[in-house]
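Student: Could you take me closely through one part of this structure, and explain each term as you use it? I would like to understand one residue and its surroundings before the rest.

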Amino acid sequence: MIVCSCNILSDGQVRGCITPGPGCPRTPAQVYACLGCSAKCGRCARTIRSIMQTALMEAGGDAHASCATSCSTPCSLGQFQTTEDLEEVAA
């Protein structure tokens with residue numbers, strides 16, 4: 001299924017760049033970069049974030065399980081883009 005019509009990205013492509021570990025994209029912007037593009041209108045960011053969370057949960061049972069225990073407080077998994085961030089992307 002196409003989740004980003006601006007960049008023609010599918011849910012499979014998004015899932016393909018999600019792998020538990022320190023190199024895993026943690027934000028929709030990092031997923032775009034991983035796939036060689038950037039956000040255009042930003043409407044797909046919520047869907048990409050949802051796919052990311054689901055893929056990490058399926059891979060490890062807990063989205064934070066792939067993090068080292070030392071990063072539990074500042075872990076970027078809890079710091080996804082907000083709607084305010086998306087307004088900047090759309091501008």
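Tutor: Leaving aside its neighbours within four places in sequence, Val14 is in contact with Val3, Val31, Leu35, Ile48 and Ile51, where contact means heavy atoms within 4.5 Å. This is a predicted model, in which local features need a pLDDT of at least 70 and side-chain atom pairs count only at pLDDT 80 or more, while totals for chains, interfaces and linings use all residues. Residues are numbered from 1 along each chain as its sequence is written, and side-chain values use heavy atoms, with hydrogens and water left out.

Val14 itself sits in helix H1; helices (H or I, at least four residues) and strands (E, at least two) are DSSP runs, numbered from the N terminus. Val14 counts as buried because its relative accessibility is 0%, given that buried means under 20% relative accessible area, exposed over 50%, and partly exposed in between (1.4 Å probe, protein chains only). Between the C-alpha atoms of Val14 and Cys4, which are ten residues apart in sequence, the distance is 9.9 Å.

From this residue we can step out to its wider setting. Val14 is listed, together with Ile18, Val31, Tyr32 and Ile48, among the residues with the most contacts inside the largest nonpolar core, which has 16 residues; such a core is a set of buried Ala, Val, Leu, Ile, Met, Phe, Trp, Tyr and Cys residues joined through side-chain atoms within 4.5 Å. The elements that give two or more residues to this core are strand S1 (2–4), H2 and helix H3 (45–60), and H3 gives the most, with six residues. In soluble globular proteins, nonpolar side chains tend to be buried together.

Ile18, another of those core residues with the most contacts, touches Cys24, Pro25, Val31, Met52, Ala55 and Leu56 once residues up to four places away in sequence are not counted. Among these partners of Ile18 is Ala55, which is found in helix H3 and counts as buried because its relative accessibility is 13%. The C-alpha atoms of Ala55 and Thr19 are separated by 8.2 Å, although these two residues are 36 residues apart along the chain. Ile48, which is in contact with Val14, has its C-alpha atom 8.6 Å from that of Thr27, 21 residues away along the chain. Thr27 lies in the loop between helix H1 (11–16) and helix H2 (28–34), and it counts as buried because its relative accessibility is 14%.

Helix H1 also holds a charged pair. Asp11 and Arg15 both lie in H1, four residues apart, about one turn of the helix, and their side chains meet in a salt bridge (2.8 Å, N to O); the term stands for a side-chain nitrogen of Lys or Arg within 4 Å of a carboxyl oxygen of Asp or Glu. Side chains of opposite charge can pair when their charged atoms come close. Asp11 is buried because its relative accessible area is 16%, whereas Arg15 is partly exposed because its value is 41%. A search of the whole structure finds one salt bridge.

Cys4 brings in a further question, that of disulfides. The search of the whole structure finds zero disulfides, a disulfide being a pair of cysteine sulfur atoms within 2.5 Å. Cys4 is in none, the nearest cysteine sulfur, that of Cys44, being 3.7 Å away, and Cys4 counts as buried because its relative accessibility is 3%. Cys41 is likewise in no disulfide, since the nearest cysteine sulfur, that of Cys6, is 3.7 Å away; Cys41 counts as partly exposed because its relative accessibility is 29%.

Finally, the whole chain gives a frame for these details. The protein chain has four helices and two strands, which follow the pattern β-β-α-α-α-α along the sequence, and buried residues make up 36% of its 91 residues. The average pLDDT is 75, and 65% of the residues score at least 70; pLDDT is the predictor's confidence in each residue, from 0 to 100. Over residues 66–87 the pLDDT is below 50, and beyond near neighbours in sequence this stretch has 29 contacts in the model. Where pLDDT is low, the predicted coordinates should not be read in detail.
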